[in-house]
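Here is a set of short exercises for getting to know a new structure. Try each task with the model open, then follow the solution step by step.

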Amino acid sequence: MKMRLKLFSAMAGMLLSAVAIVNAQEANPLEGTWDIVIEKDGEQLPSWLEITHSGTSTLVGRFVYAFGSARPIAEVKVKNDIFSFIIPKQWEPEGTDMTFTGSLDGEGLKGTMIYTDGQPYSWTAVRAPQLEYVAKAKWGKSKELFNEKDLTGWKAKGDNQWVIENGILKSPKSGANLVSEEKFKDFKLHAEFKVPSGSNSGIYLRGRYEVQITDDKGSEPSSVLFGGIYGFLTPNEMAANDASEWQTYDITLIGRRVTIVANGKTIINDQNIPGITGGALDSNEGEAGPFLIQGDHGPIMFRKFEVTPRVE
């Protein structure tokens, strides 16, 4: 009996020590998700950072730059209150890997990015907000954001290539992205679209979270293919139709929780979107935002874009 008590006591002590270590790691003020703004060549580039602990002493993470998908951070190193990490090139120009250094700045972070061309740029970050989920949402009146005549209610970011023919919104070639003038926070979206063979587009929810639209019938599901939240959430099946067919998305976004029904199949069910995706308009996650339709990756067509906002 005494031997059992000693063994139990030793195991309990080890468990308490492990809990203490984990709690100490959880208390690290660097941990969590951060919405970043990088000051680069007169522009404010939205980015995102996640820092978590791995085991007892290592910090790891994920990073989203102004374009591209979320990239893993093998280790976030900390020395004398300065942290640093390296991001390998993805879609950036040739050169070195990107290096980030930073430190706590009140309740936020600040630091420097060394880009692939060796140039330094400053950045600041605020802790990403917890976005409230409403279980019993009330929905307002549905509205069609396309009038089937012209681009009223939308603005092209750059030289406009978008046209409306026979009530169909078309981007016949790669060009400008299209942004809605009206902003939304929580909503249901019903979109009907056709993506030509080999083309690539997407819908940005609140202008920050891209739902991929790609010609992917027959492919394995992926976060960067049809129906995925780009670089973050992978559909449970590939629900894409042939490129010659009209397709549908029914998307519900409340707080961070998203459900996507593609062509009548629920492919992402009530999952949390961790942070902004590459190409986001901004990193102000606590605010309402517009819809952005990607037009810079290839041709795309829409015949319906109906939004039902959540009401208090």
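**Exercise 1. Decide whether Phe187 and Phe291 are buried or exposed.**

Solution. Keep in mind that this is a predicted model.
- Step 1: Phe187 has a relative accessible area of 0%.
- Step 2: Buried means under 20% relative accessible area, so Phe187 is buried.
- Step 3: Phe291 also counts as buried, with a relative accessibility of 0%.

**Exercise 2. Work out what kind of aromatic pairs can be found here, using Tyr65 with Tyr115 and Phe187 with Phe291.**

Solution. The cut-offs come before the examples.
- Step 1: Two rings pair if their centres lie within 6.5 Å; planes under 30 degrees apart count as stacked, over 60 as edge-to-face and the rest as tilted.
- Step 2: Counting by this rule gives 20 aromatic pairs.
- Step 3: For Tyr65 and Tyr115, the distance is 5.9 Å centre to centre and the angle between the planes is 35 degrees, and the pair is tilted.
- Step 4: Tyr65 sits in the loop between β3 (58–64) and β4 (71–79), while Tyr115 sits in the loop between β7 (108–114) and β8 (120–127). The two are 50 residues apart, and the pair links distant parts of the chain.
- Step 5: Tyr65 and Tyr115 are both buried.
- Step 6: The ring centres of Phe187 and Phe291 are 4.9 Å apart with planes at 70 degrees, so this pair is edge-to-face.
- Step 7: Phe187 belongs to strand β15 (residues 187–194), and Phe291 to the loop between β20 (265–272) and β21 (292–293). Parts 104 residues apart in sequence are therefore tied together by the pair.
- Step 8: Phe187 and Phe291 are also members of one aromatic cluster, which includes Phe146, Trp154, Tyr249 and Phe302.

**Exercise 3. Find which charged residues lie over the faces of Tyr115 and Tyr133.**

Solution. Take one ring at a time.
- Step 1: Over the face of Tyr115 lies Lys40, at 4.5 Å from the ring centre.
- Step 2: Over the face of Tyr133 lies Arg257, at 3.8 Å from the ring centre.

**Exercise 4. Describe the surroundings of Arg208.**

Solution. Go from place to partners.
- Step 1: Arg208 is found in the loop between β16 (200–205) and β17 (209–214).
- Step 2: The relative accessible area of Arg208 is 1%, so Arg208 is buried.
- Step 3: A polar atom of the Arg208 side chain lies 3.4 Å from the backbone oxygen of Ala288.
- Step 4: Setting aside neighbours within four places in sequence, the contacts of Arg208 include Ile276, Thr277, Asp282, Glu285 and Ala288.

**Exercise 5. Say where Asn263 and Asp270 lie and what phi each has.**

Solution. Look at the backbone of each residue.
- Step 1: Asn263 is not a glycine, yet has a positive phi of about 50 degrees. Asn263 lies in the loop between β19 (257–262) and β20.
- Step 2: Asp270 has a positive phi too, near 55 degrees. Asp270 is placed in strand β20.
- Step 3: With 34% relative accessibility, Asp270 counts as partly exposed.

**Exercise 6. Explore the largest pocket and the largest cavity: what lines them?**

Solution. Start with the pocket.
- Step 1: The volume of the largest pocket is about 510 Å³.
- Step 2: Its lining has 25 residues, and the closest to the centre are Ala66, Phe67, Tyr204, Gly279 and Asp296.
- Step 3: β2 (43–54), β16 and β17 each give the lining of the largest pocket at least two residues. The largest share, four residues, is from β2.
- Step 4: One cavity of 30 Å³ or more is present in the structure, and the largest cavity holds about 40 Å³ of space.
- Step 5: Among the residues lining the largest cavity are Phe146, Glu148, Leu169 and Arg303. Two or more lining residues come from each of β13 (168–171) and β22 (300–311).

**Exercise 7. Sum up the whole chain: how many helices and strands does the protein chain have?**

Solution. Step back to the full model.
- Step 1: The protein chain has one helix and 22 strands.
- Step 2: Its C-alpha trace spans about 85 × 55 × 40 Å along the principal axes.
- Step 3: Of the 312 residues, 45% count as buried.
- Step 4: Of contacts between residues at least 6 apart in sequence, 55% join residues at least 24 apart.

Note on methods
Residues are numbered from 1 along each chain as its sequence is written. This is a predicted model: local features need pLDDT of at least 70, side-chain atom pairs count only at pLDDT 80 or more; totals for chains, interfaces and linings use all residues. Side-chain values use heavy atoms; hydrogens and water are left out. Rings of Phe, Tyr and Trp (its six-membered ring) pair if their centres lie within 6.5 Å; planes under 30 degrees apart count as stacked, over 60 as edge-to-face and the rest as tilted. Buried means under 20% relative accessible area, exposed over 50%, partly exposed in between (1.4 Å probe, protein chains only). A charge sits over a ring if NZ of Lys or CZ of Arg is within 6 Å of the ring centre and within 35 degrees of the ring normal. A polar contact is a pair of N or O atoms within 3.5 Å; within protein, one must be able to donate a hydrogen and the other to accept it, and residues adjacent in sequence count only if both atoms are side-chain atoms. Contact means heavy atoms within 4.5 Å. On a 1 Å grid over the protein atoms alone, a cavity is a set of points where a 1.4 Å probe fits but cannot get out, and a pocket is an open set with protein on both sides within 12 Å along at least five of seven lines; lining residues have an atom within 4 Å of a point. Grid points are joined across faces, edges and corners, and a volume is the space filled by probe spheres set on the points.
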